[in-house]
Amino acid sequence: MGSGIAEVCARSGVDVTVVEADDTGIARAQAAIERSLDRAVKAGKLDAADREAAADRLAFTTSLADVEGSDAAIEAVFENEELKRRVFKRLDEALPDAAFLASNTSSVPIMKLGAETTHPGRVVGLHFFNPVPVLPLVEVVRSIMTSDETIERATSFAEETLGKTTIHSQDRAGFVVNALLIPYLLSAIRMYESGFASKEDIDEGMMKGCAHPMGPLQLADLIGLDTLLAVSESLYEEFRDPASVAPALLNRMVEAGLLGRKSGRGFYDYAG
Ligand SMILES: NC(=O)c1ccc[n+]([C@@H]2O[C@H](COP(=O)([O-])OP(=O)(O)OC[C@H]3O[C@@H](n4cnc5c(N)ncnc54)[C@H](O)[C@@H]3O)[C@@H](O)[C@H]2O)c1
């Protein structure tokens, strides 16, 4: 998600500093962005000169201090509350007071991240969708402390600078889209787990019967099963709705490191 967000910002004319945890992370992010830019050129969505200009706007670092002076930060580290809280504390120290601090989190309340900062009014959710260069939606999430000015600036950044479509959500688990989507994906996993139908038939059924571009198990693999589990836990924690309880199979797959496309295997095999 981080590389997708960085790519979209760079293609929109924004200078971006990508902060990764280590050099391996940088190499992975750079390769993902290069591949995606090449795909866009091949598909005729980007010309060669714009591709080079976008690549030139991206700088990569492992030091968060290098974001000092930026107008905004968009955090997209692992879906781990403690890690995100630490990152927000450091972003608050590193960025000027006028900058807004956004999180792409799918499940951590924005207020918890705001509470780590000295100015929770400048903390907002900007929830992008995967793949970021392709899907137009961004959910703008307001915590009870987010200022009107931050909402206006973050919305205008997403809409006018990045050309995205925004919808607004309160700071409730799942925001709008995942609160509707996740119980559906969990029921598909339960259906597969119980032997009710094969994974291929479940996916085919929703694609051909409902014109969905991909089936629920394919979508779960694309989202990442760890992220899906984290969001389902946050939904259950907030609403106690049994429809949001993670099926045992999902827990076992995450414990096994079968995280979907990003790990090479989930409900389907992506190796090779
Ligand atoms: N996958 C999706 O479909 C999706 C959609 C919307 C939002 N999100 C959210 O985006 C975030 C990232 O999800 P993802 O699927 O890209 O996860 P991912 O596991 O693919 O990527 C996380 C990245 O964070 C980096 N990282 C970890 N610790 C770091 C640190 N201290 N400093 C800098 N970088 C660090 C890792 O090296 C890795 O590249 C999560 O909050 C997730 O909920 C995901």
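**Exercise 1. Classify the shell around the ligand by residue class, and state how many residues surround the ligand.**

Step 1. By class, the shell is made up of nine nonpolar, six polar and five charged residues. Here Ala, Val, Leu, Ile, Met, Phe, Trp, Tyr, Cys and Pro count as nonpolar, Asp, Glu, Lys and Arg as charged, and the others, Gly among them, as polar.

Step 2. The ligand is surrounded by 20 residues, and the closest are Glu20, Glu79, Lys84, Ser106 and Ile223. A residue is near the ligand if one of its heavy atoms lies within 4 Å of it.

Step 3. The helix α4 (81-94) and the strand β5 (123-128) each supply at least two residues of this shell. Helices (H or I, at least four residues) and strands (E, at least two) are DSSP runs, numbered from the N terminus.

Two remarks apply to every exercise. The model is predicted, so local features need pLDDT of at least 70 and side-chain atom pairs count only at pLDDT 80 or more, while totals for chains, interfaces and linings use all residues. Residues are numbered from 1 along each chain as its sequence is written, and side-chain values use heavy atoms, with hydrogens and water left out.

**Exercise 2. Determine which atoms of Val77, Asn104 and Ile223 lie at short range from the ligand, and how much of the ligand the protein buries.**

Step 1. For Asn104, a polar side-chain atom is 2.9 Å from an oxygen atom of the ligand. Such a polar contact is a pair of N or O atoms within 3.5 Å; within protein, one must be able to donate a hydrogen and the other to accept it, and residues adjacent in sequence count only if both atoms are side-chain atoms.

Step 2. For Val77, a polar backbone atom is 3.5 Å from an oxygen atom of the ligand. For Ile223, a polar backbone atom is 2.8 Å from a nitrogen atom of the ligand.

Step 3. The ligand taken alone exposes 840 Å², of which the protein buries 84%. Accessible areas come from the Shrake-Rupley method with a 1.4 Å probe; for residues, only the protein chains shown count as cover.

**Exercise 3. Compare the expected span of helix α6 with the distance between its end C-alpha atoms, and locate its buried residues.**

Step 1. Helix α6 comprises the 14 residues 148-161. The expected span of a helix is 1.5 Å times one less than its number of residues.

Step 2. This gives 20 Å for α6, and the end C-alpha atoms are 19 Å apart, which agrees.

Step 3. Thr150, Ile151, Ala154, Thr155, Phe157 and Ala158 are the buried residues of α6. Seen down the axis of α6, the buried residues fall within an arc of 155°, so they line one face of the helix. The arc is that of the directions from the helix axis to the C-beta atoms. Buried means under 20% relative accessible area, exposed over 50%, and partly exposed in between (1.4 Å probe, protein chains only).

Step 4. On the other side of α6, Asp148, Glu149, Glu152 and Glu160 are exposed.

**Exercise 4. Describe the place, burial and contacts of Ser103 and Ser143.**

Step 1. Ser103 belongs to strand β4 (residues 100-103), and its relative accessibility of 1% makes it buried.

Step 2. The side chain of Ser103 makes a polar contact with the side chain of Glu75 at 2.5 Å, and the Ser103 side chain also reaches the backbone nitrogen of Thr105 at 3.0 Å.

Step 3. Ser143 lies in the loop between β6 (137-142) and α6. With 4% relative accessibility, Ser143 counts as buried. A polar atom of the Ser143 side chain lies 3.0 Å from the backbone nitrogen of Met145.

**Exercise 5. Identify the backbone features of Ala211, Arg240 and the bond from Asn130 to Pro131.**

Step 1. Most residues other than glycine have a negative phi, and most peptide bonds are trans.

Step 2. Ala211 has a positive phi, near 60°. Ala211 stands in the loop between α8 (199-210) and α9 (216-223) and is exposed at 67% relative accessibility.

Step 3. Arg240 has a positive phi of about 55°. Arg240 is in the loop between α10 (225-239) and α11 (248-255) and is exposed, with a relative accessible area of 52%.

Step 4. The peptide bond from Asn130 to Pro131 is cis, with omega near 0°. Pro131 is located in the loop between β5 and β6.
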